[in-house]
Amino acid sequence: MSNEQYIKRCLELAEKSKGFVSPNPMVGAVLVYNNRIIGEGRHEQYGQAHAEVNCIESVAPKDRHLVSESTMYVSLEPCAHYGNTPPCALRIIEEEIKHVVICNNDPFEKVSGRGIKLLVDKGIKVEQGILEKQGKWLNRRFFHFHQQKRPYIILKWAQTVNGFFAPADHSRMQLTNIHAAQLVHKWRTEESAIMVGYNTALNDDPQLTARLYTGKQPLRIVLDKQLKLSPSQKILDDQAPTWIINEQKEEAINNLRYIKIPFNDNLLQNLFAELYATNVQSVIIEGGTRLLKSVIEKDLWDEARVFTAAVTLENGLTAPLLTNANHMLTVDIINDKLEVYTHRHNPFAYVEGMNL
């Protein structure tokens, strides 16, 4: 097998950790001796052992003596600092592994080339940049967070064939089929936070949890300038941590945190700065039209996922219109259609064969 094939396996392992390791990156590692994989590992849970350590620990006792003669393949530069776990670069050195092949360099300032330098300084052969675009797409949230200093923003909405977002009276209407709904719930488990505006919370009364897919619940965020939402609203229950962005008070009550931010022209920038400061790596914005259009107008989005349902409305709320968008992908979901876009300044382009 080639370097590309082993790195592809690393990326496949890494993807299994989507939604479980943020704000850390998804990382997979493979240990190969004489064209035979003797160990595999991934970073499985935030705060627990990293991919390289799990890979080494997975080696069977009968193959343990082969570790020092093997090549370590890893989807991201081994870490070089003490965090929740010791540096992976040091573990590789301790195991006397002589060859390391890396997909991406780590943009995190405490690593950022230091892991590679540790290895090279000990005489270890290091190869870099194998399937680099695929690795960056997989970890685009992590890369964007550290390079742009704000969360990766994903817009999501459903619209009718004739371009309406919802009925004119703001009543709740399920446009897409159950398969699309299940996919949306899967997405919720993969992002750090989910966000809606006041009108959506009031009129749709969404729970904003992942009930149709197994995984962690995202941080819920709602804009409620004057704190007019009723305590009976589902988004204010105790099912998941929730931020209520408002102009009235700062307070923490159980799972609810009230955060005071002026509702001026810089509201979104200030909110995203607050999220960055608390290590919230990504946000999926699910509505409503006013919030979505505001994010688009301010050019603060990175990716958009737009469902077009096989229904029409005679009149209603007009769906948002993307600007500065590059079309990435079209997926048919029974009778519904999903279109995926990235912002034209988003450096992380979709690579055919990769997942969202």
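# A tour of selected sites

Select His43 and Ala49: the His43 side chain comes to 3.1 Å from the backbone oxygen of Ala49. The model on screen is a predicted one, and every value quoted along this tour is computed from it.

**Stop 1: His43 and its loop.** His43 sits in the loop that runs between β2 and α2 (51-57). Is His43 buried or exposed? Its relative accessibility is 2%, and because the cut-off for buried is under 20%, His43 counts as buried. To see what surrounds His43, show its contacts beyond four places in sequence: Ser17, Val21, Asn24, Pro25 and Val27, followed by Gln48, Ala49, His50 and Ala51.

**Stop 2: Thr85.** Keep Gln48, Ala49 and His50 displayed and add Gly47; Thr85 is in contact with these four residues, its neighbours within four places in sequence being left aside. Thr85 belongs to the loop between β3 and α3 (88-94). Which side chain does the side chain of Thr85 meet in a polar contact? The partner is His50, at 3.4 Å. Thr85 has a relative accessible area of 13% and is buried.

**Stop 3: the five-stranded sheet.** Switch to a cartoon view and colour β1 to β5. These strands form an open sheet with the order β2-β1-β3-β4-β5 and mixed pairing. Its edges are β2 (36-42) and β5 (125-127), each of which pairs on one side only. From one strand to the next, the twist averages 20°.

Now select β3 (residues 71-76) together with β4 (residues 99-104). The two strands run parallel and are joined by 5 bridges. For one position to centre on, take Val74, which stands opposite Ile102 in β4.

**Stop 4: a cis bond before a proline.** Move to Ser22 and Pro23. The peptide bond joining Ser22 and Pro23 is cis, with omega about 10°. Pro23 lies in the loop between α1 (3-15) and β1 (28-33). Two residues of the stretch that follows, Asn24 and Pro25, are among the contacts of His43.

**Stop 5: a cis bond between glycines.** Go next to Gly287 and Gly288. What is the omega of the peptide bond from Gly287 to Gly288? It is near 0°, and the bond is cis. Gly288 is in the loop between β13 (282-287) and α10 (289-297).

**Stop 6: two positive phi values.** Select Leu208 and Ile334. Phi of Leu208 is near 55°, positive in a residue other than glycine. Ile334, also not a glycine, has a positive phi of about 55°. Their surroundings can be checked with a surface view: Leu208, at 2% relative accessibility, counts as buried, whereas Ile334, at 62%, counts as exposed. Leu208 is in the loop between α8 (198-204) and β9 (219-223). Ile334 is in the loop between β16 and β17.

**Stop 7: strand β14.** Select residues 303-308, the strand β14. How many of the 6 residues of β14 are buried? The count is 6 of 6, so the strand is largely enclosed by the rest of the structure. Rotate the strand to inspect each face in turn. Glu303, Arg305 and Phe307 are on one side, with Ala304, Val306 and Thr308 on the other; the residues of both faces are all buried.

Add the strands that pair with β14. Strand β6 (residues 152-159) runs parallel to β14, with 6 bridges between them. On this pairing, Gln159 stands opposite Thr308. Strand β17 (residues 336-343) runs antiparallel to β14, also with 6 bridges. Here Phe307 has Leu338 as its bridge partner in β17.

**Stop 8: Asn324.** Finish at the loop between β15 (317-318) and β16 (325-333), where Asn324 is found. Which side chain makes a polar contact with the side chain of Asn324? Asp299 does, at 3.3 Å. Beyond four places in sequence, the contacts of Asn324 are Asp299, Trp301, Thr342, His343 and Arg344. Asn324 has a relative accessible area of 28% and is partly exposed. For a distance across the model, draw a line to Gln217, 107 residues apart from Asn324 along the chain: the C-alpha atoms of the two are separated by 31 Å.

Terms used:
Residues are numbered from 1 along each chain as its sequence is written. This is a predicted model: local features need pLDDT of at least 70, side-chain atom pairs count only at pLDDT 80 or more; totals for chains, interfaces and linings use all residues. Side-chain values use heavy atoms; hydrogens and water are left out. Helices (H or I, at least four residues) and strands (E, at least two) are DSSP runs, numbered from the N terminus. Buried means under 20% relative accessible area, exposed over 50%, partly exposed in between (1.4 Å probe, protein chains only). Contact means heavy atoms within 4.5 Å. A polar contact is a pair of N or O atoms within 3.5 Å; within protein, one must be able to donate a hydrogen and the other to accept it, and residues adjacent in sequence count only if both atoms are side-chain atoms. Two strands pair if DSSP finds at least two bridges between them. Axes are lines fitted to C-alpha atoms, for helices over the stretch in contact, and angles run from 0 to 180 degrees between N-to-C directions.
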